[in-house]
Amino acid sequence: MLLVLAVLTVALAILYPATERLYQTHRFTQALEQMRGKLAAARVRAIDDGVIYQFRYEPQGRRMLVIPYSEERSASGGNATATDARTTIQLNRWRFFGELPRGMQFQAAEVSTEKVSRQQLNEFADASQLASAAWSAPILFFPDGSSNDAAVRVTDSDGRSMLLSVRGLTGAASTSPIQREGMR
């Protein structure tokens with residue numbers, strides 16, 4: 001009986017690291033597939049609602065959001081200070097806020113970051129915190145089903161990364177195979 005127990009213990013000790021790696025890889029790909037699903041949902045909502053939707057993520061962070069897009073302009077034509085009339089109409093539109101699982105983060109594709117107005121984030125519980133965050137440039141989904149070409153890299157603490165790409169002509173999102181750090 002002790003011999004069988006010892007053999008089982010050794011087998012578990014050998015198999016556990018491989019099983020844990022498989023689980024972490026599955027968890028990573030599932031997170032990216034869910035994110036791809038939210039991008040597809042933003043495209044479908046843009047088509048159904050006839051409204052431009054934007055996807056933004058927090059560079060070097062875990063947060064992401066999808067909200068209706070409205071250009072902000074001041075009456076004098078300067079930078080963002082007042083929203084146009086569409087914002088009021090769009091307050092009841094679909095919105096999404098989410099986070100990547102712990103240990104994963106978005107990599108900054110560009111150096112510049114932007115703020116999102118508090119008015120656009122009012123329906124979220126922590127709107128003031130979200131408004132103070134630095135967000136990526138938006139990935140826009142237009143009512144005709146198109147988008148702007150974009151790519152977002154997500155990495156995890158084990159050195160894996162995946163690229164999520166959005167094709168401008170069709171608005172379709174796709175994921176790359178998993179890559180290891182240094183193998184890009």
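**Close-up views of a predicted model**

**Figure 1. The residue that follows helix H1.** Gly 50 comes just after H1 and has a positive phi of about 70°. The model is predicted.

**Figure 2. Helix H1 from end to end.** H1 covers residues 2-49, 48 residues in total. Its first and last C-alpha atoms are 67 Å apart. That is close to the 70 Å expected at 1.5 Å a residue. The helix still has a kink, of about 35°, at Leu 15. Pro 17 follows shortly after the kink.

**Figure 3. The buried residues of H1.** Three alanines are buried here: Ala 31, Ala 42 and Ala 46. Leu 32 and Leu 39 are buried too, as are Phe 28 and Met 35. Gln 24 completes the set.

**Figure 4. An aromatic pair between two strands.** The structure holds 3 aromatic pairs. In one of them, the ring centres of Tyr 57 and Phe 106 are 5.0 Å apart. Their planes meet at 35°, so the pair counts as tilted. Tyr 57 belongs to strand E1 (residues 53-57) and Phe 106 to strand E6 (residues 104-107), so the pair ties together parts 49 residues apart in sequence. Both Tyr 57 and Phe 106 are buried.

**Figure 5. The whole protein, for context.** The protein has 3 helices and 11 strands. Along the sequence they run α-β-β-β-β-α-β-β-α-β-β-β-β-β. Of the 184 residues, 38% count as buried. Among contacts between residues at least 6 apart in sequence, 61% join residues at least 24 apart. The exposed area is about 10400 Å², with 57% of it from carbon and sulfur atoms.

Notes:
Residues numbered from 1 in each chain as written. Predicted model: local features only at pLDDT ≥ 70, side-chain atom pairs only at ≥ 80, totals over all residues. Heavy atoms only, no water. Helix = DSSP H or I, 4+ residues; strand = E, 2+ residues; numbered from the N terminus. Expected span 1.5 Å × (residues − 1). Bend = angle between axes of the 7 residues up to and from the residue. Buried < 20%, exposed > 50% of the residue type's maximum accessible area, 1.4 Å probe, protein only. Phe/Tyr/Trp six-rings, centres within 6.5 Å; stacked < 30°, edge-to-face > 60°. Contact = heavy atoms within 4.5 Å. Areas by Shrake-Rupley, 256 points an atom, 1.4 Å probe, with all protein chains shown as cover.
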